[in-house]
Amino acid sequence: MGSQVYPLVSIVIPVYKGEKYIAQSVKSLLDQTMESLEIILVDDCSPDKSVEIVQDIIKEYSDSKKKVRIIRQAVNGGVAKAREIGVKEASGEFIILIDRDDWYLPEALEVMYQEAKLREADVVVCDYQVVNEKGLPINVMRCSEWTDDVRTSLKNYILSSLVHHWCFLVKREVWERLEKDKLGELNRTSNLGLRLGEDQHLMLRLLYFANKVVNVHIPFYQYRESEVQVTNNLTEQHVKDNIRAFQDLISFYEEKESDSEYNKLLIWRLQTWMANLIYIHKDAWLRLFPKEFYSYLWENPKLKKRFKIMLSEYHYSLHFMRPCAWGYNMLRKISRGQ
């Protein structure tokens, strides 16, 4: 009997309520110029016709049955859990992730894989094209630059906008290093219950175990920006999950790095993220922010004092100044007989 031939690249797609765009996503993978692929779709108990759509697509492609696997979960575990299951089932030399509403350009995986082999890299990262819900281009996002000094590059990545994380083709050995680490472990994200902010929590741990990361400055990944994302429709769960993700990342890097430079950067990212959130959602501050967040801020010695003061000023103005201003205006109206 001949030895089993494993695919060069495994692609993992969590599937939940994806019927609107899943066809374009899956077809973009079946249309790749690279032949040696494994496509793993993890059905997270999707209530729509996503899986049926994928099954119909498989019938259209003569050799797709060899490439596509559908894994069905017994219960809905969230996108993080679905990704973890897909990664553990993957058999490729490299693994890459994709969301159900995004897609890759046809030559993406072949070029990225060739670059990984040519430059002996653990990870290859491409740029990405932001598109609207109709698939029309908005702008191209250039991922942060990676050099041979992977530690400095990782710090620069933390400092970057961290907008999107699925542009990374990652060697299997890197995933295995993450899985073996007591603080890294692949299922840590789902164990924390993260349903939002889970992407940065996973990638900022995974990339720590890479020895070499290289760039391909071509926007191979097509990232669909939904109306919900455009309008920044955040919830209390979003806030809680992001805070929990950052807290756990800080613990992870405290354990790994004695100089704590990573933690300074993560704290800075948390501060800028919160400041941006406050700016966008000033009117929703009281509704969105959990009470325990205030105690976390004040008890954390790493957060800069001026940032705490800024937050407390917002808190003060919303709790006290706004009602006072409202009362003052009402008194003026009454005095004028309005």
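**Exercise 1. A loop cysteine and a loop glutamate**

C45 is partly exposed, with a relative accessible area of 29%; the task is to place this residue in the predicted model and to state what its phi angle is.

*Solution.* The starting point is the accessibility: a residue counts as buried under 20% and as exposed over 50%, so C45, at 29%, is partly exposed. The next step is location, and C45 is found in the loop that runs between β2 and α2. The last step is the backbone, where phi of C45 is near 60 degrees, a positive value in a residue other than glycine. As background, a negative phi is what most residues other than glycine have.

Now treat E120 in the same manner: which loop holds this residue, and is E120 buried or exposed?

*Solution.* E120 sits in the loop between α5 (108-118) and β6. Its relative accessible area is 68%, so E120 is exposed. The phi angle of E120 is near 50 degrees, which is again a positive value in a residue other than glycine.

**Exercise 2. Confidence and overall make-up**

Describe the protein chain as a whole, and identify where pLDDT stays under 50.

*Solution.* Begin with the composition: the chain has 338 residues, of which buried residues make up 50%, and its secondary structure comes to 15 helices and nine strands. Turn next to the contacts between residues at least 6 apart in sequence, of which 78% join residues at least 24 apart. Then consider confidence, for which the chain average is a pLDDT of 80, with 73% of the residues scoring at least 70. Finally, residues 318-328 are a stretch over which pLDDT stays under 50, and the model has nine contacts for this stretch beyond four places in sequence. Predicted coordinates should not be read in detail where pLDDT is low.

**Exercise 3. The enclosed cavities**

How many cavities of 30 Å³ or more does the model contain, and which residues line the largest and the second largest?

*Solution.* The count comes to three cavities of 30 Å³ or more. The largest holds about 60 Å³ of space, and its lining consists of A80, R83, E84, V87, L186, T189, E198 and L202. Assigning these residues to elements shows that α4 (79-89) and α9 (198-206) each give two or more of them, with the largest share, four residues, coming from α4. By class, this lining divides into four nonpolar, one polar and three charged residues.

The second largest cavity has a volume of about 40 Å³, and V15, L41, D43, S50, V51, V54 and I70 form its lining. Here the elements that supply two or more residues are β2 (37-43) and α2 (50-60), and α2 gives the most, with three residues. Sorted by class, the lining of this second cavity has five nonpolar residues, one polar and one charged.

**Exercise 4. The buried face of α7**

Which residues of helix α7 (residues 172-180) are buried, and how are they arranged about the helix axis?

*Solution.* The buried residues of α7 are V174, W175 and L178. When the helix is viewed down its axis, these buried residues fall within an arc of 100 degrees, so they line one face of α7. It remains to ask what lies over them: the cover includes α4, β4 (94-97), β8 (168-171) and α9.

**Exercise 5. Two contacts across the sequence**

For L265 and then for N132, give the location, the accessibility class and the contacts beyond four places in sequence.

*Solution.* L265 belongs to helix α12 (residues 261-280), and its relative accessibility of 9% means that L265 counts as buried. Beyond its sequence neighbours, L265 touches K155, I158 and L159. For the pair L265 and L159, the separation is 106 residues in sequence but 6.5 Å in space, C-alpha to C-alpha.

N132 is placed in the loop between β6 (123-131) and β7 (137-141), and, at 24% relative accessibility, N132 counts as partly exposed. Leaving aside neighbours within four places in sequence, the residues in contact with N132 are I138, R224 and E225. Of these contacts, E225 is 93 residues from N132 in sequence, whereas the two C-alpha atoms are 5.3 Å apart in space.

Methods
Residues are numbered from 1 along each chain as its sequence is written. This is a predicted model: local features need pLDDT of at least 70, side-chain atom pairs count only at pLDDT 80 or more; totals for chains, interfaces and linings use all residues. Side-chain values use heavy atoms; hydrogens and water are left out. On a 1 Å grid over the protein atoms alone, a cavity is a set of points where a 1.4 Å probe fits but cannot get out, and a pocket is an open set with protein on both sides within 12 Å along at least five of seven lines; lining residues have an atom within 4 Å of a point. Grid points are joined across faces, edges and corners, and a volume is the space filled by probe spheres set on the points. Ala, Val, Leu, Ile, Met, Phe, Trp, Tyr, Cys and Pro count as nonpolar, Asp, Glu, Lys and Arg as charged, and the others, Gly among them, as polar. Buried means under 20% relative accessible area, exposed over 50%, partly exposed in between (1.4 Å probe, protein chains only). The arc is that of the directions from the helix axis to the C-beta atoms. Contact means heavy atoms within 4.5 Å. pLDDT is the predictor's confidence in each residue, from 0 to 100.
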